[in-house]
Amino acid sequence: MRLTTVGCSGSYPGPDSPASCYLLEHDDGGRTWRVLVDLGSGALGALHRYADPLAVDAVLLSHLHADHCLDLCGYYVMRKYHPEGAQPRLPVYGPSGTAGRMARAYDLPEDPGMTLEFDFRTWTPGEPARIGPFTVQAVRVDHPVEAYGLRVSAGGRLLAYTGDTAPCPQLEDVARGAHLLLAEASFHEGAANPPGIHLTGADCGRLARDSGVQSLVLTHVPPWYEPRDMLTEAQQVWDGPADLARAGAVFEV
């Protein structure tokens with residue numbers, strides 16, 4: 001699998017990156033399969049640099065905060081009104097209520113909302129979703145809204161994505177044995193951080209260490225922080241390969 005960082009800015013788009021969006025690609029059966037992991041504020045425009053947005057096979061939403069889902073509104077417009085004609089319904093996996101949330105975000109009546117353009121499907125922990133060669137397992141994590149960490153596998157490789165979450169026991173279920181752990185690092189260790197929302201760089205390092213992952217990539221650092229500080233925190237407790245997500249960065253999983 002190839003992981004391309006479309007957007008990695010935490011909480012809102014920053015000067016150097018859109019908000020959260022990651023393009024996963026895997027070659028199988030004579031074609032390239034593509035899924036988007038989150039589609040946050042500002043990400044759809046940037047996606048054009050890395051892939052044809054009409055060549056995406058599914059969207060996987062970790063949760064329904066704007067910095068992870070809001071560009072689905074623009075994607076709806078693109079798929080409905082494209083000069084090539086209305087596009088086939090696209091699977092969109094997300095928390096309960098995703099269809100209604102997105103309809104309200106674009107000021108549409110909830111019936112039909114965006115359901116003619118998107119086939120909305122609700123995450124069910126314990127029931128993997130399958131999109132071509134990808135198998136996706138969702139694990140409920142600790143965040144102020146319904147939120148999921150994701151385990152995405154294809155071709156014998158495994159990407160673990162924390163989504164947005166506070167430290168919680170379920171994170172080891174998300175990360176265990178991953179070839180690459182993509183982990184959000186929004187808070188500084190030792191600061192007066194509000195509880196139940198996000199991870200620190202050190203939390204990410206501990207998760208990588210305790211879950212037996214092969215490599216760690218930190219993401220979702222808010223624009224008011226210096227990303228390298230989060231990486232330094234992680235490396236103080238994790239001695240394996242570690243890097244920062246940057247817009248346009250490509251990682252082999």
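In this predicted model, 13 salt bridges are found. Side chains of opposite charge can pair when their charged atoms come close. One such pair is Asp57 with Arg31, whose closest N and O atoms stand 2.7 Å apart. Asp57 belongs to the loop between helix 1 (43–47) and strand 4, and Arg31 to strand 3, so the pair ties together parts that are 26 residues apart in sequence. The two partners can be told apart by their accessibility: Asp57 counts as buried at 16%, whereas Arg31 is partly exposed at 34%.

Two further salt bridges can be described in the same way. Arg176 is joined to Asp173, with 3.2 Å between the closest N and O atoms; Arg176 is partly exposed, its relative accessible area being 45%, and Asp173 is partly exposed at 37%. Asp243 meets Arg246 through their side chains, again in a salt bridge, with an N to O distance of 3.2 Å. Here Asp243 has a relative accessibility of 29% and is partly exposed, and Arg246 is partly exposed at 40%. Elsewhere, salt bridges with shared partners link Arg2, Glu25, Asp27 and Arg34 into one network.

Strand 3, which holds Arg31, is part of an open sheet of 7 strands with mixed pairing, in the order 6-5-4-3-2-1-14. At the edges are strand 6 and strand 14 (250–252), each with a single partner strand, so one side of each is left without a neighbour in the sheet. On average, and ignoring direction, neighbouring strands here are turned by 25° against each other. Within this sheet, strand 3 and strand 4 (residues 58–60) run parallel and are joined by 3 bridges, and Val35 faces Ala58 of strand 4. Helix 3 (residues 72–81) lies across strand 3, strand 4, strand 5 (90–94) and strand 6, and makes an angle of about 145° with strand 6.

A second open sheet, also of 7 strands and with mixed pairing, follows the order 7-8-9-10-11-12-13. Its edge strands, strand 7 (129–131) and strand 13 (242–244), each pair on one side only. The average turn between neighbouring strands of this sheet is 20°, direction ignored. Strand 12 and strand 13 are paired in the parallel sense over 3 bridges; Leu218 has Leu244 of strand 13 as its bridge partner. Helix 7 packs on the sheet by touching strand 12 and strand 13, and its direction makes about 165° with that of strand 13.

Helix 6 (residues 201–211) lies across strand 11 and strand 12, running at about 155° to strand 11. This helix is mostly covered, with 8 of its 11 residues buried: Gly201, Ala202, Asp203, Cys204, Gly205, Leu207, Ala208 and Ser211. The elements that cover these buried residues include helix 5 (170–175), strand 11 (180–184), strand 12 (216–219) and helix 7 (227–235). Gly212, which follows helix 6, has a positive phi near 70°. For comparison with annotation, an unreviewed UniProt entry lists residues 18–202 as "domain: Metallo-beta-lactamase". The C-alpha atoms at the ends of residues 18–202 are 24 Å apart, and the span is 19% helix and 31% strand.

Some backbone details also deserve a look. Most residues other than glycine have a negative phi, and most peptide bonds are trans. Asp38, in strand 3 (residues 31–39), has a positive phi near 70° and is buried, with a relative accessible area of 0%. Asp107 also has a positive phi, near 60°, but this residue is exposed, with a relative accessible area of 71%. Asp107 sits in the loop between helix 4 and strand 6. Pro112 is likewise placed in the loop between helix 4 (98–105) and strand 6 (118–122), and the peptide bond leading from Asp111 to Pro112 is cis, with omega near 10°.

Finally, Ser9 occupies the loop between strand 1 (2–7) and strand 2 (21–28) and is buried, at 5% relative accessibility. Its side chain reaches the backbone oxygen of Tyr12 at 2.7 Å. Beyond neighbours within four places in sequence, the contacts of Ser9 include Gly14, Ser17, Pro18, Ala19 and Ser20, together with His220, Val221 and Pro223.

Definitions and conventions. Residues are numbered from 1 along each chain as its sequence is written. This is a predicted model: local features need pLDDT of at least 70, side-chain atom pairs count only at pLDDT 80 or more; totals for chains, interfaces and linings use all residues. Side-chain values use heavy atoms; hydrogens and water are left out. Buried means under 20% relative accessible area, exposed over 50%, partly exposed in between (1.4 Å probe, protein chains only). Helices (H or I, at least four residues) and strands (E, at least two) are DSSP runs, numbered from the N terminus. Contact means heavy atoms within 4.5 Å. Two strands pair if DSSP finds at least two bridges between them. Axes are lines fitted to C-alpha atoms, for helices over the stretch in contact, and angles run from 0 to 180 degrees between N-to-C directions. UniProt positions are given in the numbering used here, feature names are shortened, and annotations may be inferred rather than shown by experiment. A polar contact is a pair of N or O atoms within 3.5 Å; within protein, one must be able to donate a hydrogen and the other to accept it, and residues adjacent in sequence count only if both atoms are side-chain atoms. A salt bridge is a side-chain nitrogen of Lys or Arg within 4 Å of a carboxyl oxygen of Asp or Glu.
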